[in-house]
Amino acid sequence: MEELTLAEDPVFLSWLTCRLEEEGIPHMVFDSHTGAAFGGALTAIASRVMVDAEDLARAKVILMEGEGMS
């Protein structure tokens, strides 16, 4: 899997994962609960959105749709 982006904004992360699902692009979100493990105090820890290497180009087009949202 390849890293598509790092996302600190939970609203943007939700939008991005929804769009990836709509386009049928398998993905995983890593580190999404790391801040919660420390009592929510570490909101600056970004979640990593990962996609398969063969889907990376399509996923980057979707990511560009959301530029400026977060």
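Helices are DSSP runs of H or I with at least four residues, strands are E runs of at least two, and both are numbered from the N terminus. With that in hand, here is a predicted model, shown piece by piece.

**Figure 1. The whole chain, with 3 helices and 3 strands.** Follow the sequence of this predicted model and you meet the pattern β-α-β-α-β-α. The protein chain has 70 residues, and 31% of them are buried. About 4400 Å² of the chain is exposed, with carbon and sulfur atoms supplying 55% of that area. How much of the contact list comes from residues 24 or more positions apart? Among contacts with a separation of 6 or more, such pairs account for 72%.

**Figure 2. The open sheet, strand by strand.** The 3 strands sit in the order E1-E3-E2, and their pairing is antiparallel. E1 and E2 are the edge strands, each of them pairing on one side only. On average, neighbouring strands of the sheet are turned by 25° against each other, direction ignored. Zoom in on E1 and E3 and you find an antiparallel pairing that runs over 5 bridges. One spot to look for is Ala7, whose bridge partner in E3 is Ser47. Helix H3, residues 56–65, lies across E1 and E3. Its direction makes an angle of about 20° with E1.

**Figure 3. A close-up of Thr5 in strand E1.** Strand E1 covers residues 2–7, and Thr5 is part of it. Is Thr5 buried or exposed? Thr5 has a relative accessible area of 15%, so it counts as buried, the cut-off for that being under 20%. Which residues touch Thr5, once neighbours within four places in sequence are set aside? The contacts are Leu16, Ser47, Arg48, Val49 and Leu63. Two of these names come back in other views: Ser47 is the bridge partner of Ala7, and Arg48 takes part in a salt bridge with Asp31.

**Figure 4. A close-up of Leu20 in helix H1.** Leu20 belongs to helix H1, which spans residues 10–22. Its relative accessibility is 0%, so Leu20 counts as buried. Leaving out residues up to four places away in sequence, Leu20 touches Leu4, Ile25, His27, Val49, Val51, Ala59 and Ile62. Val49, one of those partners, is also in contact with Thr5. Then there is Arg58: in sequence it is 38 residues from Leu20, yet the two C-alpha atoms are 9.1 Å apart in space.

**Figure 5. Arg19 and its salt-bridge network.** Side chains of opposite charge can pair when their charged atoms come close. Here the side chains of Arg19 and Glu22 meet in a salt bridge, 2.8 Å from N to O. Both residues lie in helix H1, 3 residues apart, which is about one turn of the helix. Arg19 also meets Glu23 through a salt bridge, this one at 3.3 Å from N to O. Which residues make up the network? Arg19, Glu22, Glu23 and Glu65 are linked in it by salt bridges. The degree of cover varies from one residue to another. Arg19 is buried, at 14% relative accessible area. Glu22 has 53% relative accessibility and counts as exposed, while Glu23 has 39% and counts as partly exposed. For the whole model, the count comes to 5 salt bridges.

**Figure 6. A salt bridge between Asp31 and Arg48.** The closest N and O atoms of Asp31 and Arg48 are 2.7 Å apart. Asp31 lies in the loop between strand E2 (27–30) and helix H2 (34–37), whereas Arg48 is in strand E3 (residues 47–51), so the pair ties together parts that are 17 residues apart in sequence. Are the two residues buried, exposed or something in between? Asp31 counts as partly exposed, with 32% relative accessibility. Arg48 is partly exposed as well, its relative accessible area being 28%.

**Figure 7. Thr34 and Ser47, seen together.** Thr34 has its place in helix H2. At 25% relative accessibility, Thr34 counts as partly exposed. How far apart are Thr34 and Ser47 in sequence and in space? They are 13 residues apart in sequence, and from C-alpha to C-alpha the distance is 8.5 Å. Ser47 should look familiar from earlier views, as a bridge partner of Ala7 and as a contact of Thr5.

Key: Residues are numbered from 1 along each chain as its sequence is written. This is a predicted model: local features need pLDDT of at least 70, side-chain atom pairs count only at pLDDT 80 or more; totals for chains, interfaces and linings use all residues. Side-chain values use heavy atoms; hydrogens and water are left out. Buried means under 20% relative accessible area, exposed over 50%, partly exposed in between (1.4 Å probe, protein chains only). Contact means heavy atoms within 4.5 Å. A salt bridge is a side-chain nitrogen of Lys or Arg within 4 Å of a carboxyl oxygen of Asp or Glu. Accessible areas come from the Shrake-Rupley method with a 1.4 Å probe; for residues, only the protein chains shown count as cover. Two strands pair if DSSP finds at least two bridges between them. Axes are lines fitted to C-alpha atoms, for helices over the stretch in contact, and angles run from 0 to 180 degrees between N-to-C directions.
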